[in-house]
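Here is a friendly walk through one protein model, for anyone meeting it for the first time. Have a look at the sequence and the 3D view, then read on.

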Amino acid sequence: MSAPESRLLTTEGESAPQRRATIAILDYGSQYTQLIARRVRESRVYCEIFAHDVTAKELERRGVVGVILSGGPSSVYDTDAPQIEPAILDGRFPVLGICYGMHLMAQVLGGEVAPEGKREYGPATVDIAESGGLFEGLSDHERAWMSHGDTVKRLPPGFHAVARTERLPLAAMSDGRNRFGVQFHPEVMHTPRGAEVLRNFLYRVCGCAGDWTPAAFIAEAVAELRRTIGDKHAICALSGGVDSAVAATLVARAIGDRLTCVFIDTGLLRANEAEEVVATFGPRLRLVQVDAAERFLRRLDGVSDPEQKRTIIGEEFIRCFEEQARRVGGVDLLVQGTIYPDVIESRSRESKTSARIKTHHNVGGLPEVMSLEVVEPLRRLFKDEVRRVGAELGIPEDILWRHPFPGPGLAVRVLGPVDRDALDTLRQADAIFLEELRAADLYRTVAQAFAVLTPVRSVGVMGDFRTYGALVALRAVTTEDFMTADWARLPYDVLARASARIVNEIAAVNRVVYDISSKPPATIEWE
């Protein structure tokens, strides 16, 4: 969002002073960068991901007490390799370099990195020569996950080796004070005691207190919301999902009846969703319902490209909220339930080395010119953290554990042009699939499940007649953070019942398939 007419207000970030001790994770393009952040948060320590070219002055301003340098696909000796401001490594911050991060530390501080033919990919045994510091409490020999082609050929002045492997004489290094490098990846599950390595860095080296809890977040977020919002009024984009519900409840706690929640029926919702949202949230929050189905469907007529769909829907959402803000009167703030994976996948400003996967309508899909300022109190939380905060706020479990639903709704689950017939077909198939999961007591065992209406048509036979019908794909995944996901191994009989019901109850469909793709390489949604 680049236009000066709009401004982003968050509970952490550029617009707010940092009050909590923060671990900075500098992103060098690793597929594991977000996983590092999750592991730090799991240790009850607050962290944020920063672009690799962040300055030491900015980190000091943000209350950073320690820095982790991620891995990455580059080699430090490449001419276009991402670098670091040397001041960050001068000892003012405790630093942990992981893989590429270790190489970068070594090179900047006077060591040498080279492709020495010591490539290691997969599990390895790390022989620990120095048991204190990062390795406090670990045995002399630990399993760890390696993924590198370069090695530190010569240590920088003042550093010494603290671990090795069978193939690699330098698997970890230390300056004996507060700067460390590890060749392995402590953040992945394939390093069994990697979490302890990270905790040693966080607690023993950086002096973190481990007080990043839902209750602490709520107290800080409410105080910050009161500071940033002041005596203004706000409206909240309430979809009925867990993210918007937690965001609305949090802001309502901060500003009370100066918050009006707006639920927009876009015509792109799941079966009976509008009625359920009003029944659930009407008694809890000040709620306005807007029927905008005709408006959204008219704008989407003939549109097939998923990014164009998101842009149209994002803009139309904002225009609807602007209209409601004028009707409420005195409102210039819009609360959204944006969470960290939304920001990351839309290629947020924190990441300059990662590619944009897709635009989320409430992040990159916002129009450039808008009259409302955006308030995103959950912008730095992962999904599981949002649920824990929601539980602390007293939000009922059936809301907290409701499967995520994309902001653009069924528009991105109808592949190709969107119209009423396609939406009705998809709603029925989706409802049947979810009904069967609930009947089998499997709804809570998967993180997200839904149906997709594909543009594929195929020949079938029903009775003695030839059919040429639509193909519906079913998708169910397991995940903790929605950054990576695996396909759910649902029982065959559940899939069989769902498939039989879909082709028997929906005349337009004659074939059902089940998606067995993980993320990566696929995404959870199809568009």
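Three helices each put at least two residues into the lining of the second largest pocket: helix 7 (273-281), helix 12 (397-400) and helix 13 (420-439). Keep in mind that this is a predicted model. Helix 13 gives the most to that lining, with 6 residues. The pocket has a volume of about 520 Å³, and 22 residues line it. If you want to find its middle, look for Glu276, Asp398, Arg402, Arg438 and Tyr443, which lie nearest the centre. Sorted by class, the lining of this pocket has 11 charged, 8 nonpolar and 3 polar residues.

Helix 13 turns up again when you look at the nonpolar cores. As a rule, nonpolar side chains in soluble globular proteins tend to be buried together. Here the largest nonpolar core has 53 residues, and helix 13 gives the most to this core, with 8 residues. Which residues have the most contacts inside the largest core? They are Ile264, Phe321, Phe433, Leu437 and Leu490. Take Phe321 as a sample: leaving out residues up to four places away in sequence, Phe321 touches Ile235, Ala237, Val262, Ile264, Leu334 and Leu372. Apart from the largest core lies another core, this one of 40 residues, and Trp212, Leu285, Val375 and Leu393 are among them.

Now for the charged pairs. Side chains of opposite charge can pair when their charged atoms come close. How many salt bridges does a search of the whole structure find? The count is 40. Here are some of them, with the gap between N and O atoms:

| Salt bridge | N to O distance |
|---|---|
| Glu112 and Arg154 | 2.8 Å |
| Arg179 and Asp175 | 2.8 Å |
| Glu373 and Lys232 | 3.4 Å |

Start with Glu112 and Arg154, which form a salt bridge. Glu112 sits in strand 6 (residues 112-114) and Arg154 in strand 9 (residues 151-154), so this pair ties together parts that are 42 residues apart in sequence. Glu112 has a relative accessibility of 29%, so it counts as partly exposed. Arg154 is partly exposed too, with a relative accessible area of 42%.

What about Arg179 and Asp175, buried or exposed? Both Arg179 and Asp175 are buried.

The third pair in the table is the salt bridge between Glu373 and Lys232. Glu373 lies in strand 17 (residues 373-376), while Lys232 is in the loop between helix 5 (214-229) and strand 13 (233-237), so the two tie together parts that are 141 residues apart in sequence. Glu373 is buried, with a relative accessible area of 14%, whereas Lys232 is partly exposed at 29%. Elsewhere, salt bridges that share partners link Glu435, Glu436, Asp493, Arg497, Arg501 and Glu505 into one network.

Next come a few spots where the backbone does something less usual. Most residues other than glycine have a negative phi, and most peptide bonds are trans. Arg44 is not a glycine, yet its phi is positive, at about 60°. You can find Arg44 in the loop between helix 1 (33-42) and strand 3 (47-51), where it is partly exposed with a relative accessible area of 46%. Cys99 is another non-glycine residue with a positive phi, in this case about 55°. Its place is the loop between strand 5 (95-98) and helix 3 (100-108). Cys99 has a relative accessibility of 5%, so it counts as buried.

For cis peptide bonds, go to the segment after strand 21, where Pro520 lies and where Pro521 lies as well. The bond from Lys519 to Pro520 is cis, with omega near -10°. The bond joining Pro520 and Pro521 is also cis, and its omega is about 15°.

One last stop is Ala507, which sits in the loop between helix 14 (492-505) and strand 21 (509-514). Is Ala507 buried or exposed? Ala507 is exposed, because its relative accessible area is 80% and the cut-off for exposed is over 50%. How far apart are Ala507 and Pro491 in space? From C-alpha to C-alpha they are 25 Å apart, with their positions 16 residues apart in sequence numbering.

Technical notes. Residues numbered from 1 in each chain as written. Predicted model: local features only at pLDDT ≥ 70, side-chain atom pairs only at ≥ 80, totals over all residues. Heavy atoms only, no water. 1 Å grid on protein atoms, 1.4 Å probe; cavity = no way out; pocket = protein on both sides within 12 Å on 5 of 7 lines; lining within 4 Å. Points joined across faces, edges and corners; volume = space filled by probe spheres on them. Helix = DSSP H or I, 4+ residues; strand = E, 2+ residues; numbered from the N terminus. Nonpolar A, V, L, I, M, F, W, Y, C, P; charged D, E, K, R; others polar. Buried < 20%, exposed > 50% of the residue type's maximum accessible area, 1.4 Å probe, protein only. Salt bridge = Lys/Arg side-chain N within 4 Å of Asp/Glu carboxyl O. Core = buried A, V, L, I, M, F, W, Y, C linked by side-chain atoms within 4.5 Å. Contact = heavy atoms within 4.5 Å.
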